[in-house]
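Here's a walk through a two-chain model, written for someone who likes to check things against the atoms. Have the viewer open and follow along.

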Amino acid sequence: MHEKSNGEAVGNGAYSLPAKLSINLKINGADKQIEVAPWVTLLDLLRERLDLTGTKKGCDHGQCGACTVLVDGVRVNSCLTLAVMKDGAEITTIEGLASGDELQPIQQAFIDCDAFQCGYCTPGQICSAVGLMAEGKAKTSDDIRELMSGNICRCGAYPNIVAAVEQAMQQRSEGGAAR
Amino acid sequence: MNNFSYARATDVANAVSEISADNAAKFIAGGTNLIDLMKENVARPSRLVDINRLPLNKIEENDEGGLRLGALCTNAETAYHAEVEKRYPLLSKAILAGASPQLRNMATNGGNLLQRTRCYYFYDVATPCNKREPGTGCSAIEGFNRMHAIFGTSEHCIAVHPSDMCIALAALEAIVNVTGETGEQTIDFEDFHRLPGNTPNIDTNLHGDEIITSIDLPAKGFAQNHAYLKLRDRTSYAFALVSVAVGLEMDGDSIIEARLALGGVAHRPWRNLEAEKLLNGKTATKENFQTVAEAIFKDAKGFEHNSFKIELGKRAVVRALRQAVEMKRNNDSQFHRTSTEPV
């Protein structure tokens with residue numbers, strides 16, 4: 001992190017805006033150096049600055065899970081994370097899951113199981129499911145329900161979301177999934 | 001969100017000097033509550049001191065035969081830590097009963113202790129609130145107060161502390177280690193959170209120059225007989241209306257020592273030490289459980305929309321005690337389930 005400038009004087013010059021900070025992030029495998037004000041959330045950085053609009057802004061208060069991304073492989077709410085706090089981290093968004101045209105098993109499972117209607121919560125649901133599988137704590141469908149509870153679906157596609165996560169977990173345990 | 005400047009603390013001493021230099025500065029760790037409060041304009045720090053890179057992220061043995069939980073370990077790391085699961089399952093279950101997996105991956109142990117109430121009037125800057133703006137009045141006392149406190153309220157504030165983790169820490173009699181300008185201090189968990197009194201704007205006895213560095217768990221973990229029962233409007237991802245943390249030390253059917261802490265009912269984790277002692281040396285029977293429940297709730301005072309918590313709370317105490325004795329339903333899963341059995 002480096003302070004790039006002293007910011008611009010505001011009004012009569014009685015105070016100045018804090019400096020923008022230069023941070024490094026690896027986003028979906030690509031190294032980025034970004035200058036960002038300290039109050040910019042990771043979510044706003046992704047959507048407004050980097051055109052990665054797959055990650056959705058639902059409630060912007062950590063209650064709906066639509067903004068879920070993986071930071072160093074761990075699922076978090078990007079709306080409650082300041083970008084500057086994650087200097088040096090590796091960020092994976094919904095755009096970074098597939099290899100070219102080949103979907104990750106959990107993405108294919110959402111299609112196979114019809115696990116969405118409007119689709120707005122889906123990127124967050126899928127990133128959350130990737131995090132859930134990496135955590136390895138869900139053993140039963142009740143556990144999946146509990147551990148997906150940070151992702152709200154207003155269309156109510158929950159039964160199919162649980163089915164999709166079960167399908168991907170099964171493929172994973174059978175070793176069919178490479179990732 | 002208002003503009004603010006940002007600094008990264010390089011060590012604990014630097015964090016203390018940064019926070020002491022500016023009384024409108026705040027520490028940021030997980031950010032799950034603070035950033036939300038900043039978006040709502042409830043918190044308006046001039047400067048954020050990012051403590052995430054400080055070496056306070058270990059869980060290790062302490063000198064008392066217990067565990068020391070680093071202030072910067074996340075709630076998820078703590079709940080799923082093998083030694084915490086084995087020796088302090090009450091703490092694991094309480095943590096996993098709170099928030100969502102994403103939030104638990106971000107929120108830290110120190111931050112959990114310092115989170116603010118979720119009273120809707122505290123969050124709504126268009127309404128009076130003595131906690132947010134001292135002297136403006138309390139909108140909850142005669143307002144919609146279904147989630148509010150029934151113990152230890154004052155004429156200035158009836159907010160509740162929202163934590164699940166802290167209810168277990170109260171029952172476990174944890175110790176909070178802090179560092180300030182004058183050096184290191186320890187604060188008994190019982191003395192950490194305050195009642196609202198005349199200063200509801202002050203939640204804890206942590207001083208402005210102090211940083212939480214770790215939380216010590218004493219050796220006694222009540223792994224054999226414990227329960228965390230959380231009653232809420234949905235079965236997951238909701239704050240408690242009433243929660244009960246129970247730890248029992250037992251000899252056959254008789255109780256040697258009982259610990260009981262309640263959440264969702266007061267401005268701090270609520271314990272009634274006199275009432276708890278009623279169980280010591282007693283047999284684990286429903287009648288004895290009802291006696292202690294009556295004793296705890298004799299001080300309760302309901303408001304227009306939350307008087308239901310008194311009867312609900314008594315039944316929750318009895319059921320949690322029974323679960324701690326039986327240790328059956330509790331052991332099925334570490335994730336909290338509210339069974340369909342009537343309370």
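Which residues of helix 12 of chain B are buried? Keep in mind that this is a predicted model. The buried set is Phe289(B), Val292(B), Ala293(B), Ile296(B) and Phe297(B). Looking down the axis of helix 12 of chain B, those buried residues sit within an arc of 125 degrees, so they line one face of the helix. That buried set packs against helix 11 (273-277) and helix 13 (308-326) of chain B.

The geometry of helix 12 of chain B checks out too: its 12 residues (286-297) should span 16 Å at 1.5 Å a residue, and the end C-alpha atoms are indeed 16 Å apart.

**The nonpolar core**

Now for Val317(B). Once neighbours within four places in sequence are set aside, Val317(B) is in contact with Val244(B), Leu260(B), Phe289(B), Val292(B), Ala293(B) and Ile296(B). Four of those names should look familiar: Phe289(B), Val292(B), Ala293(B) and Ile296(B) are also among the buried residues of helix 12 of chain B.

The largest nonpolar core has 158 residues, and Ala168(B) and Val317(B) are the ones that touch the most other members. The biggest contribution to this core comes from helix 9 (residues 165-171) of chain B, which gives 7 residues.

**Chain A**

Chain A has 5 helices and 8 strands, running in the order β-β-β-β-β-α-β-β-β-α-α-α-α along the sequence. It has 179 residues, of which 45% count as buried. Taking contacts in chain A with a separation of 6 or more, 53% are between residues 24 or more positions apart.

For a closer look, try helix 2 (residues 105-112) of chain A, where Pro105(A), Ile106(A), Gln107(A), Ala109(A) and Phe110(A) are buried. Those residues pack against helix 3 (122-135) and helix 5 (158-173) of chain A.

**Positive phi values**

A few residues have backbone angles you may want to look at.

| Residue | Phi | Place |
|---|---|---|
| Asp60(A) | near 65 degrees | loop between helix 1 (42-49) and strand 6 (68-71) of chain A |
| Asp114(A) | near 55 degrees | follows helix 2 of chain A |
| Phe222(B) | about 55 degrees | loop between strand 8 (211-217) and strand 9 (226-231) of chain B |

Is Phe222(B) buried or exposed? Phe222(B) counts as buried because 25 other C-beta atoms lie within 10 Å, and the cut-off for that class is 20 or more. Asp60(A), with 18 C-beta neighbours inside 10 Å, counts as partly exposed.

**Where the chains meet**

How many residues of chain B are in contact with chain A? There are 25, and they touch 27 residues of chain A. On the chain B side, strand 1 (5-8), helix 2 (34-39), strand 3 (47-50) and helix 6 (101-106) each supply at least two residues. Helix 6 of chain B has the largest share, at 5 residues. Sorted by class, the side of chain B that touches chain A has 11 nonpolar, 10 polar and 4 charged residues.

**Domains of chain B**

Finally, chain B is divided into domain 1 (5-52) and domain 2 (226-331). The C-alpha centres of domain 1 of chain B and domain 2 of chain B are 36 Å apart.

Notes. Residues numbered from 1 in each chain as written. Chains lettered and ligands numbered in written order. Predicted model: local features only at pLDDT ≥ 70, side-chain atom pairs only at ≥ 80, totals over all residues. Helix = DSSP H or I, 4+ residues; strand = E, 2+ residues; numbered from the N terminus. Buried ≥ 20, exposed ≤ 12 C-beta atoms within 10 Å, placed from the backbone. Contact = placed C-beta atoms within 7 Å. Domains from an automatic or database assignment. Nonpolar A, V, L, I, M, F, W, Y, C, P; charged D, E, K, R; others polar. Expected span 1.5 Å × (residues − 1). Arc of directions from axis to C-beta. Core = buried A, V, L, I, M, F, W, Y, C linked by C-beta atoms within 7 Å.
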